[in-house]
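Please read these notes alongside the coordinates. They go element by element, then turn to the pocket, the cores and some single residues.

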Amino acid sequence: MPILEVEHIQKSFEHTEVLTDINLSLEQGQVLSLIGSSGSGKTTLLRCLNFLEQPDSGIIRVNGEVLFDAKDPATQRPAEIRKKRLHFGLVFQSFHLFPQYTARENIMLAKKLLVQEQPDFKARKKEIFGEIQEEAESLLAQMGLSDRMDNYPHQLSGGQCQRVAIARALALRPDILCFDEPTSALDPELTGEVLKVIQGLADQNTTMIIVTHEMAFARDVSNQVIFMDEGRILEEGTPDQVFGSPREERTKQFLARFTEG
């Protein structure tokens, strides 16, 4: 059974349809890259999967559970949506770290808020917070940032901030980790360090969806590639199929931009 199933997702803003009949599935441990021109609907699709936008129609399932059904109001209650967001971790283009907190504190914050709902929280507060701190430090070590735990975002490079953002998303142990153009806000020399971290997660069979303009990286890291155009999935397949033998003329035109010269 796929970890993620998306059926007939549609989304409009006012009178403009930005997603049209989106259908996809993703297996546990796979990496899906979404490619296409700016404005093709990639980020909107990612935001719908993370419940930052609500689709106008369609169904989203994770591990066979219906998280969203446009025809079922019970799946759209705010309290339910907040819980369902935990199935997904989202790493934004521009980090979105809290400037008043250290790298360690940025990673701990969301989980410290969540655990307060546990029935034994008051009795075990110190122990629970200690475990959260230990996990945050382990994640920062995994990101190669053991020596930056007490630094504030303004004391970190863009690449280091993005690695903190990745650690923060991992701290909530999502079923699916999503990246929205994770290197677009970085200088070219910092891009490689973030892509190396993502490749390492892929090697550990982390299930991921990546919106990216890094075509060579998408080809290397992905199990599945989807090319979107004007809000539709125009082509999908393995990296070899999409990059090596694209069927659609529009896909060929798009990819030609990255191979010219």
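1. Start with H1. Lys42, Thr44, Leu45, Leu46, Cys48 and Leu49 are buried in this helix. That makes six buried residues out of eight, so read H1, residues 42–49, as mostly covered, with "buried" meaning under 20% relative accessible area. Keep in mind that this is a predicted model. After the helix comes phenylalanine 51, and its phi is positive, near 65°.

2. Next, H5. This helix runs over residues 158–171 and has 14 residues. From first C-alpha to last it reaches 20 Å, close to the 20 Å expected at 1.5 Å a residue. Is H5 enclosed or not, and how many of its residues are buried? The count is 13 of the 14, so H5 is largely enclosed by the rest of the structure. Arginine 173 follows H5 and has a positive phi, near 50°.

3. The largest nonpolar core. It has 41 residues. Ile166, Phe179 and Met208 have the most contacts inside it. At least two residues each come from H3, H4 (121–142), H5, strand E7 (176–180), H6 (188–203), strand E8 (208–211) and H7 (215–221). Which of them gives the most to this core? H5 does, with eight residues.

4. Another core. Apart from the largest nonpolar core lies another, of 29 residues. Ile9, Leu19, Ile81 and Leu90 are among them.

5. Phenylalanine 179. Look at its contacts beyond four places in sequence. They are Leu46, Val91, Ile166, Ile198, Leu201, Met208, Ile209, Ile210 and Val211. Two of these names have come up already: Ile166 and Met208 stand with Phe179 among the residues with the most contacts inside the largest nonpolar core. Leu46 is one of the buried residues of H1.

6. The largest pocket. About 850 Å³ of space lies in it. Its lining has 24 residues, and Arg82, Arg85, Leu86, Ala110 and Leu172 lie nearest its centre. H2 (78–84), strand E6 (88–91), H3 (103–115) and H5 each supply at least two lining residues. H3 gives the most, with five. By class, the lining has 15 nonpolar, four polar and five charged residues. Note that H5 serves twice here: it supplies lining residues to the pocket, and it gives eight residues to the largest nonpolar core.

7. Isoleucine 81. This residue lies in helix H2. It is buried because its relative accessible area is 10%, under the 20% cut-off. Isoleucine 81 touches Phe51, Thr75 and Gln76, leaving out residues up to four places away in sequence. Phe51 is the positive-phi residue that follows H1. The C-alpha atoms of isoleucine 81 and glutamine 54 are separated by 9.8 Å, with their positions 27 residues apart along the chain.

8. Phenylalanine 254. It sits in helix H9, residues 249–256. Its relative accessibility is 0%, so it counts as buried. Beyond four places in sequence it touches Ile35, Gly36, Ser37, Met215 and Phe227. Phenylalanine 254 and serine 57 are 197 residues apart in sequence and 29 Å apart, C-alpha to C-alpha.

9. Two backbone angles to check. Most residues other than glycine have a negative phi. Glutamate 14 has a positive phi, near 55°. It lies in the loop between strand E1 (4–13) and strand E2 (16–26). Aspartate 21 also has a positive phi, of about 50°. Aspartate 21 is found in strand E2. Which of the classes, buried, partly exposed or exposed, fits each? Glutamate 14 counts as exposed because its relative accessibility is 80%, over the 50% cut-off. Aspartate 21 is partly exposed, at 36%.

10. Asparagine 63. Its place is the loop between strand E4 (57–62) and strand E5 (65–69). It is partly exposed, with a relative accessible area of 40%. Its contacts beyond four places in sequence are Met1, Pro2, Ile3 and Asp175. Asparagine 63 and glutamate 127 are 64 residues apart along the chain, and their C-alpha atoms are separated by 31 Å.

Key:
Residues numbered from 1 in each chain as written. Predicted model: local features only at pLDDT ≥ 70, side-chain atom pairs only at ≥ 80, totals over all residues. Heavy atoms only, no water. Buried < 20%, exposed > 50% of the residue type's maximum accessible area, 1.4 Å probe, protein only. Helix = DSSP H or I, 4+ residues; strand = E, 2+ residues; numbered from the N terminus. Contact = heavy atoms within 4.5 Å. Expected span 1.5 Å × (residues − 1). 1 Å grid on protein atoms, 1.4 Å probe; cavity = no way out; pocket = protein on both sides within 12 Å on 5 of 7 lines; lining within 4 Å. Points joined across faces, edges and corners; volume = space filled by probe spheres on them. Nonpolar A, V, L, I, M, F, W, Y, C, P; charged D, E, K, R; others polar. Core = buried A, V, L, I, M, F, W, Y, C linked by side-chain atoms within 4.5 Å.
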